[in-house]
Amino acid sequence: MKLVKSSRFSPCPGPVVTIVLDGVGISPHDDGDAVKAARTPMLDKLMANFPMTKLLAHGKAVGMPSDEDMGNSEVGHNAIGAGRVFAQGAKLVAESIASGHLWQGHAWQEVVATAKQGGTLHFLGLFSDGNVHSHIDHLKAMIERAKQEGVGKVRLHILLDGRDVGETSALDYVDPFETYLDGLRSADFDVAIASGGGRMKITMDRYEADWSMVQRGWDIHVKGEGRQFASAHEAIETYRNELSVIDQDLPGFVVAKDGQPLGKIGDGDAVVFFNFRGDRAIEISRAFTEETFCPFHRGPLPKVTYAGMMQYDGDTKLPPRFLVEPPAISRTMGEYLAKNGVAQYAISETQKYGHVTYFWNGNRSGKFDDALETYVEIPSDVVPFEQRPWMKCAEITDALIDAVRSGQYQYLRVNYANGDMVGHTGNFEAAVTAMQGLDLQLARLIPAIIEAGGVALITADHGNADEMYELDKKGNVTRDAEGRTKAKTSHTLNPVPFVLVSGEADPAYKLRSDLAAPGLSNIAATVLNLLGYEAPEDYDPSLIEPA
Ligand SMILES: O=C(O)[C@H](O)COP(=O)(O)O
Ligand SMILES: [Mn+2]
Ligand SMILES: [Mn+2]
């Protein structure tokens with residue numbers, strides 16, 4: 001894995017720093033755009049005075065099945081880190097189902113065999129068509145196949161979305177699904193929704209930010225311990241009336257009949273976690289598969305056949321049983337740099353820590369070289385982020401500036417979570433504040449990079465804060481008869497900025513203008529060039545050329 005020294009680019013005299021502003025896209029519209037509404041003098045100045053282009057960050061440009069699919073952190077950071085586009089989970093699972101490959105695999109066959117020996121087959125996962133972590137069509141295909149293969153009893157544990165899809169769309173999924181289940185149910189096929197809850201309240205924590213979420217999910221799905229309702233519909237309506245929260249924040253519920261939970265998970269059962277994306281799948285998968293387990297009091301571990309939709313962590317091989325091979329992301333820029341003696345530094349706060357380590361390195365949780373790599377996690381607040389929209393951007397910047405000034409690292413990378421995590425709350429004012437807080441930090445960081453003789457690449461992994469309301473076709477905020485707007489909590493399809501900032505009056509490189517539709521996968525080759533290397537031949541082309 002030797003990199004070739006470039007004869008065209010000399011290495012940057014200072015550190016090269018990639019700055020990912022998570023969820024900060026460029027909207028063609030002004031209405032509802034918190035990025036534009038925010039007062040961000042530093043970002044404005046950088047965009048106006050330094051070489052800048054827009055990068056594609058959604059759809060096929062990041063390995064999603066179609067250009068209707070928005071980008072997300074996984075596919076975005078995978079593309080930035082690997083310098084190439086790999087077909088991603090959403091696409092691989094759909095293809096595996098369409099070709100029938102999934103049903104031929106050992107994992108599926110073991111799951112079905114377990115259920116046919118008298119166990120219940122449980123499906124647990126994110127219940128929407130967001131295609132970020134999961135897709136409801138994959139779930140349906142598996143239920144139908146299970147029935148066809150003679151499984152007698154299926155229970156569903158549904159995590160309500162409201163984050164990758166409309167903020168109060170849960171019943172748009174649940175109601176038709178109940179009708180669909182009615183159509184499938186028969187004398188020898190017993191299928192029902194057994195438990196669920198909002199994805200930000202139960203089960204889908206990530207990066208160990210808040211294990212109590214997973215514990216609440218465990219108690220509800222596995223032990224059947226939680227508030228009981230006659231149906232998911234009743235739970236959603238009741239909680240909405242009582243709490244006025246959006247779907248992602250609805251508490252957990254247990255569906256029960258005569259006080260008996262419909263689908264506890266016990267010995268001899270099979271469990272499929274049907275999310276394909278790993279970050280929010282790892283903790284619950286650990287709870288189901290680790291014999292010795294400390295993060296929370298789990299109680300006795302039921303002896304189940306557990307399968308993930310994919311293997312979520314290539315280093316720890318978690319979970320050992322999985323239905324679809326994950327994308328084979330190899331030879332990432334992090335690995336190349338490590339193998340060529342380049343010291344690297346990665347930093348973010350908990351909520352995005354794995355984005356600049358695990359996703360960046362092709363869904364591997366370990367380092368390539370302990371001596372050459374420093375990974376820093378600033379603990380995130382455990383609060384609704386609209387209450388603390390500045391999050392930890394100041395603390396991240398403190399540490400990053402120290403690292404830049406230390407002279408120890410030639411390549412540094414950071415993810416600032418604000419645009420995305422606050423964008424997902426659907427709170428416009430908070431998103432504006434998030435952007436303003438972030439700008440204050442850029443105003444500290446950029447001069448430090450320039451002073452060190454370095455270069456900063458400012459970009460993002462996908463949009464989010466750039467569209468805080470649902471827009472009509474003309475790009476205006478939609479309003480109902482009472483004039484109310486509808487918050488948009490999900491990512492956007494918009495491109496992201498790419499700004500190349502250095503202190504040199506006359507840099508020896510310039511942005512290329514001949515690339516038809518550059519995207520996130522063009523960043524890695526650019527970084528390697530700035531460090532004085534040629535990119536590997538199969539990397540997507542660099543965004544720069546000699547001036
Ligand atoms: O997991 C989440 O928070 C959302 O589904 C996607 O956000 P991310 O891709 O920016 O992490
Ligand atoms: Mn993101
Ligand atoms: Mn996001």
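## Two domains and a pair of manganese ions

Let us begin where the two parts of the chain meet: 31 residues of domain 1 are in contact with 28 residues of domain 2, where contact means heavy atoms within 4.5 Å. Q88, Y358 and H424 supply 19% of the area that domain 1 buries against domain 2, more than any other three residues. Before going on, please note that this is a predicted model, in which local features need pLDDT of at least 70 and side-chain atom pairs count only at pLDDT 80 or more, while totals for chains, interfaces and linings use all residues. Residues are numbered from 1 along each chain as its sequence is written, chains are lettered from A and ligands numbered from 1 in the order in which they are written, and side-chain values use heavy atoms, with hydrogens and water left out.

Where are the two domains along the chain? Domain 1 covers 16-88 + 328-540, and domain 2 covers 90-324; these bounds come from an automatic or database domain assignment. Their C-alpha centres lie 31 Å apart. Together the domains bury about 2300 Å² between them, with carbon and sulfur atoms giving 49% of it. Buried area here is the accessible area (1.4 Å probe) that two parts lose on being put together, summed over both.

Polar links also cross this boundary. Between domain 1 and domain 2 there are 16 residue pairs in polar contact, both residues being at pLDDT 80 or more. A polar contact is a pair of N or O atoms within 3.5 Å; within protein, one must be able to donate a hydrogen and the other to accept it, and residues adjacent in sequence count only if both atoms are side-chain atoms. The count of salt bridges between the two domains is 1. A salt bridge puts a side-chain nitrogen of Lys or Arg within 4 Å of a carboxyl oxygen of Asp or Glu. D315 and R364 form a salt bridge through their side chains, at 3.5 Å from N to O.

Now turn to the metals. The manganese ion (ligand 3) has as its protein donors D420 (OD), D420 (OD), H424 (NE2) and H491 (NE2), at 2.1 to 2.3 Å. Donors are N, O and S atoms within 2.8 Å of the metal (3.2 Å for Na, K and Ca), and water is not among the atoms, so sites may look incomplete. Along the chain, the donors of ligand 3 follow the spacing D-x3-H-x66-H. Two of these residues, D420 and H424, are buried, with relative accessible areas of 1% and 3%. Buried means under 20% relative accessible area, exposed over 50%, and partly exposed in between (1.4 Å probe, protein chains only).

Why is the arrangement around the manganese ion (ligand 3) irregular? The 6 donor atoms subtend angles of 58 to 168°, which makes it so. Four donors count as tetrahedral if all angles lie between 85 and 135 degrees; four count as square planar and six as octahedral if opposite donors are over 155 degrees apart and all others between 65 and 115; anything else is irregular.

The manganese ion (ligand 2) is 4.2 Å from the manganese ion (ligand 3). D22 (OD), S73 (OG), D461 (OD) and H462 (NE2) coordinate ligand 2 at 2.0 to 2.2 Å, with the sequence spacing D-x50-S-x387-D-H.

Finally, the salt bridges come to 29 by the rule above. Among them, E149 meets R145 at 2.6 Å, N to O, and D279 pairs with R277 at 2.7 Å. Both D279 and R277 are buried, whereas E149 is partly exposed at 21%.
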